[in-house]
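Trainee: I would like to learn how to read a few local features of a model, one after another. Could we go through them together?

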Amino acid sequence: MIDLENITKRFVGANALNGVSLRVGAGEIFAYLGPNGAGKTTTIRILTGLCAPDGGRALVGGVDVVAQPTVAKALCGVVSQAVNLDQELTVAENLDIHGRLFGMPPGLRERRARESLERLDVADRADSPVRELSGGYKRRVMIARALMHEPRVLLLDEPTVGLDPAVRRRLWAAIKRIRETGATILLTTHYIEEAEFLADRVAFLDAGRVVALGAPRELMARLGDWAVDALNGEELRTDFFNDRGEAQTFGAGLPGPFSLRRVNLEDVFLRVTGRKLA
Amino acid sequence: MIRGWSAVYYREALILRRRGLKTLASMCVSPLLYLLAFGWAMSGTLDDSPYLRFLVPGLAAMSSMTQSWAIAADINIARFYWRIFDEVQSAPVAPMGYVLGEVLAGMTRGLAAAALTVGLGLAFGVRPWCGPAFWLALALNSFFFASLAVGLAMRIKSHADQAMLTNFVITPMAFLGGTFFPVERLPEWAHTLLLLLPLTHATRAARAAATGATLPPTPFFLLGGAGVAAFVFAVRSVAKARD
């Protein structure tokens with residue numbers, strides 16, 4: 001459903017994307033992970049036509065986003081990192097304008113707006129001015145708006161950034177429910193637990209390159225199931241084990257304190273790049 | 001090619017309606033001050049006719065210019081502050097559709113401001129003949145300045161740039177475009193220079209129409225031509241407004 005073929009993008013003085021290639025299948029939830037400045041948002045902006053690639057091809061549903069931008073845009077729903085709702089208007093008015101931008105007739109606009117708001121549990125705030133909503137509500141309204149025209153691809157750029165854990169979990173549940181409609185979801189995040197919970201597959205992006213790609217469990221299994229963290233001088237050292245008992249024994253044999261935990265995706269990123277995600 | 005224009009226009013109209021009286025009142029401030037200062041306090045005659053009769057059509061043209069141009073500030077806020085422009089750009093709306101919606105919104109504001117100015121003129125005892133030619137001149141003037149506003153709003157990089165453009169382009173034009181004095185009375189070289197300003201042609205056409213004088217077609221063609229050029233510039237600017 002999404003194909004990136006050797007995408008490059010250069011901004012003044014730096015390569016934002018350096019030959020990124022990946023394929024996201026229909027109905028998949030795909031997480032795009034990386035530290036700030038890795039090129040995640042640039043990828044989303046290229047897919048949504050907000051930014052032109054310098055090289056390579058980007059396709060959505062087989063449609064080239066550069067050659068046929070309006071056709072490609074009609075297939076996508078976008079939730080940007082920044083809240084881009086019209087603060088002077090109500091929730092319903094924001095959705096109505098979105099429907100108009102996508103050429104939806106009046107009756108359909110009203111019905112889809114109601115359904116989208118209900119799906120995200122914000123139907124009770126339809127007549128509220130956006131400026132009166134909390135951050136969590138605004139995020140949910142943005143997702144509801146992006147779903148209004150029933151896109152085949154939903155692009156979520158850091159959808160839960162800045163939200164408290166409880167609100168974040170409610171949004172995760174909503175995203176899981178959206179997948180049931182058959183939409184393909186590409187989300188960027190730097191929250192490890194978000195990717196682990198939501199994604200069928202993840203790609204790690206570092207300095208404009210994909211450095212690891214696969215199912216979360218598959219990537220983590222390459223390291224083992226258990227991790228032992230311990231201080232080695234001034235550095236934190238992490239060792240990986242398949243067996244809990246083996247990890248426990250290893251930790252007990254260390255001269256200082258240690259902690260035993262499950263392997264996570266951050267370990268994968270650390271192993272591949274030598275750096276932490278955040 | 002123009003798909004989405006009505007959504008863009010609808011949004012601007014909705015916001016204009018939401019702001020309602022505040023916007024209408026703000027549109028009256030400048031013309032009212034000019035009427036009080038130049039028309040009333042310094043009242044006199046020009047070519048044996050009351051100066052106010054000369055001033056009101058010029059002020060209507062100036063108001064249509066400033067309010068059409070004001071769409072640039074709203075576009076800037078939507079683009080740099082609220083990021084609403086991203087939402088429009090992510091939608092299947094062609095640049096021409098976006099420009100058409102914004103330009104029509106700018107023209108609506110410009111013509112509303114001109115109508116208010118004419119209304120204020122009535123309160124000061126001036127009854128200009130506001131026939132179709134008068135409104136055509138102001139509509140073409142609004143078309144040019146709204147198109148220029150959309151195009152330049154896409155080119156600038158910050159709110160500060162916007163303020164600078166207004167200071168360097170709109171403010172001098174407001175004073176030199178024939179609003180307050182007949183440009184024909186200036187030295188030949190200055191007169192020729194001021195004929196390069198679109199507002200000069202708008203004020204001349206609007207004033208001639210308002211006083212029932214014979215109307216040459218030239219100002220209308222010049223304003224229309226300049227408007228089309230500015231519209232094309234705006235479409236190209238929107239198409240390039242990607243990072």
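Trainee: In which helix does A:Arg140 lie?

Mentor: This is a predicted model, in which local features need pLDDT of at least 70, side-chain atom pairs count only at pLDDT 80 or more, and totals for chains, interfaces and linings use all residues. Residues are numbered from 1 along each chain as its sequence is written, chains are lettered from A and ligands numbered from 1 in the order in which they are written, and side-chain values use heavy atoms, with hydrogens and water left out. Helices (H or I, at least four residues) and strands (E, at least two) are DSSP runs, numbered from the N terminus, and A:Arg140 belongs to helix α5 (residues 135-147) of chain A.

Trainee: Which side chain of opposite charge is nearest to A:Arg140?

Mentor: A salt bridge needs a side-chain nitrogen of Lys or Arg within 4 Å of a carboxyl oxygen of Asp or Glu; Lys and Arg count as positive, Asp and Glu as negative, and His and the chain ends are not counted. A:Arg140 is buried (under 20% relative accessible area, 1.4 Å probe, protein chains only) but has no salt bridge, the nearest such side chain being A:Asp121, 4.7 Å away. A polar atom of the A:Arg140 side chain does lie 3.3 Å from the backbone oxygen of A:Leu120.

Trainee: Which faces of strand β6 of chain A are covered?

Mentor: In a regular strand the side chains alternate between the two faces of the sheet. In β6 (residues 76-79) both faces are covered, with A:Cys76 and A:Val78 buried on one side and A:Gly77 and A:Val79 on the other. Two strands pair if DSSP finds at least two bridges between them; β6(A) and β7 (residues 153-157) of chain A pair in the parallel sense over four bridges, and A:Val79 stands opposite A:Leu156.

Technical notes: Buried means under 20% relative accessible area, exposed over 50%, partly exposed in between (1.4 Å probe, protein chains only). A polar contact is a pair of N or O atoms within 3.5 Å; within protein, one must be able to donate a hydrogen and the other to accept it, and residues adjacent in sequence count only if both atoms are side-chain atoms.
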